[in-house]
Amino acid sequence: MTAAPSPSSRPSAEEIATLREAVARVAAARGPVLPFGIGPLDHSLAGGGLDGAGLHEVAGASASWSDDAAATLFVAGIAARFAAAPDVSVLWALTRFDLYAPALEQAGLGPDSILYAQGKDDRDLLMMCEDALRDGALSCVVAEVKAADQTSTRRLQLAASEGKTPMLLYRRYRRYGQCPLADPSLAMTRWRIGTLPSRRLATPGVGRGRWAVELVRQRGGPPFSLELEACDDQGRLALPSATRDRTASPGRASADGRAESDAIERAA
């Protein structure tokens, strides 16, 4: 039989007030939360969505063109939804301009809501992103890099928090077979995106793309993986029709095959 706690072990009114103030400060430091609108996904995310004042990292499941395209469109879809309000822009920074703008528009990120910036190297690019985040005038900042150490990610997280602006860091592969997410980081979420075969159609044609979406790490919650349909023209993901009632399962979603993708054309 469990004994009832003694009155001396219970927190005082002053201690409860202090805890409430601490929780309020943490909540105030967060930006607006962006839910995905997918029950199993939002339920598994700490806070119910992406923190609008935090650093979020994305990488392809492999160095293949198809996974690179899927990861790029995943980032574009999130950025498009952060920029859904009128008269706001996304800054997309990179060292080599090899994006295919019509594909970004198909994921909801049109030319009227995106600004491009090109840096000479990753270090220059990250410094540019810090300034853009602290300014607070942008809806979202995106950067493509091959190297960002823990100090760089700490600075980006602080800048995102100060400017109440989300930062999406797309980590490109430096070495074949070595996932960029193996590097330490202070990001709030870290995602790995891979392609899956699309659903067979009743008539000849290419169905909506499918992705293996894996949340490798998140603050305040466990990792998980889901099979999802690719972004539509509003940047929204969807559950495949056969799995709409499934819950998120631990570990990475199975990827039995890789579908070819022509959504993003990267320069050779």
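This passage describes the overall composition of a predicted single-chain model, the packing of two of its helices, and the surroundings of selected residues.

The model is predicted, and its chain has an average pLDDT of 84, with 79% of the residues scoring at least 70. Confidence falls over residues 244-268, where the pLDDT is below 50. In the model, this stretch nevertheless has 62 contacts beyond near neighbours in sequence. The secondary structure consists of six helices and 10 strands. Of the 268 residues in the chain, 48% are buried. Among contacts with a separation of 6 or more, 67% link residues 24 or more positions apart. The accessible surface of the chain amounts to about 13800 Å², and carbon and sulfur atoms contribute 53% of this area.

Helix packing was examined for helix 5, which spans residues 122-135, and helix 6, which spans residues 150-163. The two helices pack with their axes 7 Å apart and at an angle of about 20°. Because angles under 35 degrees count as roughly parallel, helix 5 is roughly parallel to helix 6. The crossing of the two helices is left-handed. On the side of helix 5, the contact is formed by Leu126, Cys129, Glu130, Leu133 and Arg134. Helix 6 contributes Ser152, Arg155, Leu156, Ala159, Ala160, Glu162 and Gly163.

Backbone conformation is considered next. Most residues other than glycine have a negative phi. Asp87 is not a glycine, yet its phi is positive, at about 60°. Asp87 lies in the loop that connects helix 3 (65-82) with strand 4 (90-94), and it is exposed, with a relative accessible area of 83%. A positive phi, of about 50°, is also found at Lys164, again not a glycine. Lys164 occupies the loop between helix 6 and strand 7 (167-171). With a relative accessible area of 40%, Lys164 is partly exposed.

Two arginines of strand 8 illustrate the surroundings of that element. Strand 8 covers residues 189-196 and includes Arg192, and Arg190 is placed in strand 8 as well. Arg190 is buried, at a relative accessible area of 6%. Arg192 has a relative accessibility of 19% and therefore also counts as buried, the limit being under 20%. The C-alpha atoms of Arg190 and His56 are 6.0 Å apart in space, although the two residues are 134 residues apart in sequence. Excluding neighbours within four places in sequence, Arg190 is in contact with Glu57, Arg171, Pro180, Leu181, Asp183, Pro184, Ser185, Glu214, Leu215, Val216 and Arg217. With residues up to four places away likewise set aside, Arg192 touches Ala59, Gly60, Ala61, Cys179, Leu181, Ala212, Val213, Glu214 and Val216. Leu181, Glu214 and Val216 thus appear in the contacts of both arginines.

Ala187 is situated in the loop between strand 7 and strand 8. Its relative accessible area is 0%, and Ala187 is therefore buried. The C-alpha atoms of Ala187 and Glu57 are separated by 6.5 Å, while the two residues are 130 residues apart along the chain. Beyond neighbours within four places in sequence, the contacts of Ala187 are with Leu55, Glu57, Arg217 and Arg219. Glu57 and Arg217 are among the contacts of Arg190 too.

Tyr116 belongs to strand 5, which comprises residues 114-118. With a relative accessible area of 35%, Tyr116 is partly exposed. Tyr116 and Leu91 are 25 residues apart in sequence, and their C-alpha atoms are 5.8 Å apart in space. Leaving out residues up to four places away in sequence, Tyr116 touches Leu91, Trp92, Phe97, Leu99, Ala101 and Leu104.

Glu229 is located in strand 10, which extends over residues 224-229. At 10% relative accessibility, Glu229 counts as buried. The C-alpha atoms of Glu229 and Ser241 are 9.2 Å apart, with the two residues 12 residues apart in sequence. Ser241 is one of the residues that Glu229 touches when those up to four places away in sequence are not counted. The others are Arg208, Gly209, Arg210, Leu237, Ala238, Leu239 and Pro240.

Note on methods
Residues numbered from 1 in each chain as written. Predicted model: local features only at pLDDT ≥ 70, side-chain atom pairs only at ≥ 80, totals over all residues. Heavy atoms only, no water. pLDDT = per-residue confidence, 0-100. Contact = heavy atoms within 4.5 Å. Helix = DSSP H or I, 4+ residues; strand = E, 2+ residues; numbered from the N terminus. Buried < 20%, exposed > 50% of the residue type's maximum accessible area, 1.4 Å probe, protein only. Areas by Shrake-Rupley, 256 points an atom, 1.4 Å probe, with all protein chains shown as cover. Axes fitted to C-alpha atoms, helices over the stretch in contact; angles between N-to-C directions. Parallel < 35°, antiparallel > 145°, perpendicular 65-115°, else oblique. Left-handed = near helix turned anticlockwise from the far one by under 90°.
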